[in-house]
Amino acid sequence: MKVVITGTSRGIGLELAQLALSKGFEVMAVARSPEKSKGLLKLKGDFKDKIEVVTSDLHDPDSVERIVAMVSEWGAVDI
């Protein structure tokens, strides 16, 4: 399964990303400042083949276009 999760730098978003990865899902982790998130950086190190980290602020239309482009490359999103 391919999953897109926003707000993955902390809190619920980070926990959802960790849960999805532990179930073997592929995750597109969207965060405003992923480089500042120790938890997200750890997930990237632990699940490098299953996680794609996208820097994006959903208030910025250009950032939203980056997510759309990544989804297009994936070909499909399940969740």
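Which exposed residues does the face of α1 turned away from its buried side carry? They are I12, E15 and S22. Keep in mind that this is a predicted model, and let's walk around the helix from there.

Helix α1 covers residues 11-22. With twelve residues, α1 reaches 17 Å from its first C-alpha to its last, close to the 16 Å expected at 1.5 Å a residue. Now flip over to the buried side: G13, L14, A17, A20 and L21 are the buried residues of α1. These cover an arc of only 130° around the axis, so they sit on the same side of α1. As for what lies over them, the cover includes the strands β1 (2-6), β2 (26-31) and β3 (51-55), along with helix α2 (38-46).

Back on the surface, I12 turns up again: together with L16 and L19, I12 makes a nonpolar patch of about 320 Å². L16 belongs to α1 too, and counts as partly exposed because its relative accessible area is 43%. Just past the end of the helix, have a look at G24, which takes a positive phi of about 90°.

Over in α2 there's a charged pair to check out. K42 and D46 both lie in this helix, four residues apart, or about one turn. They form a salt bridge, with the closest N and O atoms 2.6 Å apart, and a search of the whole structure finds just that one salt bridge. As for accessibility, K42 counts as exposed because it comes in at 52%, whereas D46, at 47%, counts as partly exposed.

How values were computed
Residues are numbered from 1 along each chain as its sequence is written. This is a predicted model: local features need pLDDT of at least 70, side-chain atom pairs count only at pLDDT 80 or more; totals for chains, interfaces and linings use all residues. Side-chain values use heavy atoms; hydrogens and water are left out. Patches are made of residues with over 30% relative accessible area and no salt bridge: like charges are joined within 9 Å, nonpolar side chains (Val, Leu, Ile, Met, Phe, Trp, Tyr) within 5 Å. Accessible areas come from the Shrake-Rupley method with a 1.4 Å probe; for residues, only the protein chains shown count as cover. A salt bridge is a side-chain nitrogen of Lys or Arg within 4 Å of a carboxyl oxygen of Asp or Glu. Helices (H or I, at least four residues) and strands (E, at least two) are DSSP runs, numbered from the N terminus. Buried means under 20% relative accessible area, exposed over 50%, partly exposed in between (1.4 Å probe, protein chains only). The expected span of a helix is 1.5 Å times one less than its number of residues. The arc is that of the directions from the helix axis to the C-beta atoms. Contact means heavy atoms within 4.5 Å.
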